[in-house]
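Reader: I should be grateful for a close look at a single part of this structure, followed by its surroundings. Please keep the account connected.

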Amino acid sequence: GPMVTFSNNFYAGASTHSAVYRMDYGTNDAGQPIPWYWTSRDEVWGQPLNRKRLMEIGTDYRKASGAYEVQVGYSMNQGSSFFNSTVDMSGDGRAADRRFIPNGPNSYDFRLRFGATALDVAPTIIGITGWSRIQPGRF
């Protein structure tokens with residue numbers, strides 16, 4: 001539908017019914033949660049030709065008031081399928097979470113990702129870090 005700026009705000013008309021919506025505003029989409037995620041680059045830890053064993057994923061965040069969970073995960077070898085676990089971000093203040101990966105997967109690179117689907121919550125992720133053990137090269 002058509003879009004317009006009014007008082008420094010963006011508005012758009014619905015294409016299927018009579019309604020005007022304020023765009024880029026709020027923490028929900030007409031009462032529905034807005035799914036979101038962030039994905040890192042392919043991490044090679046300075047050794048692109050060596051395989052790595054992923055050992056741990058750490059997250060640093062500010063807690064959200066009310067119940068709130070974030071999915072933290074990884075993919076291997078430039079993949080798009082992620083292995084996720086849940087981090088509870090409920091409460092107040094700053095916190096950190098460490099996810100140890102027993103018998104971590106072996107890959108040339110890893111992508112890290114976090115994301116969530118929650119209604120009316122604006123999370124603050126400060127950082128995500130992966131730790132891996134570089135495997136010796138075989139020539």
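Why does Met23 count as partly exposed, rather than buried or exposed?

Author: The model is a predicted one. Met23 has a relative accessibility of 32%, and it counts as partly exposed because that value falls between the limits of under 20% for buried and over 50% for exposed. Its place in the chain is the loop that links β3 (20–22) with β4 (36–39). On the surface, Met23 joins Met3, Phe10 and Tyr21 in a nonpolar patch, and together these residues present about 400 Å² of accessible area.

The strand that follows this loop, β4, leads into a sheet. Four strands make up this open sheet, in the order β4-β10-β6-β7 and with antiparallel pairing. Both β4 and β7 (83–88) have a single partner strand and stand at the edges, so each has one side without a neighbour in the sheet. From one strand to the next, the twist averages 20°. The partner of β4 is β10 (residues 110–116); the two run antiparallel and are joined by four bridges. Within this pairing, Trp36 is set opposite Ala116 of β10.

A second loop may be described alongside the first. Ser65 belongs to the loop between β5 (52–62) and β6 (69–76). With a relative accessible area of 59%, Ser65 is exposed, because the limit for that class is over 50%. Leaving aside residues up to four places away in sequence, Ser65 touches Gly91 and Asp92. Between Ser65 and Asn28 there is a separation of 37 residues in sequence, and their C-alpha atoms are 16 Å apart in space.

Technical notes:
Residues are numbered from 1 along each chain as its sequence is written. This is a predicted model: local features need pLDDT of at least 70, side-chain atom pairs count only at pLDDT 80 or more; totals for chains, interfaces and linings use all residues. Side-chain values use heavy atoms; hydrogens and water are left out. Patches are made of residues with over 30% relative accessible area and no salt bridge: like charges are joined within 9 Å, nonpolar side chains (Val, Leu, Ile, Met, Phe, Trp, Tyr) within 5 Å. Accessible areas come from the Shrake-Rupley method with a 1.4 Å probe; for residues, only the protein chains shown count as cover. A salt bridge is a side-chain nitrogen of Lys or Arg within 4 Å of a carboxyl oxygen of Asp or Glu. Buried means under 20% relative accessible area, exposed over 50%, partly exposed in between (1.4 Å probe, protein chains only). Two strands pair if DSSP finds at least two bridges between them. Axes are lines fitted to C-alpha atoms, for helices over the stretch in contact, and angles run from 0 to 180 degrees between N-to-C directions. Contact means heavy atoms within 4.5 Å.
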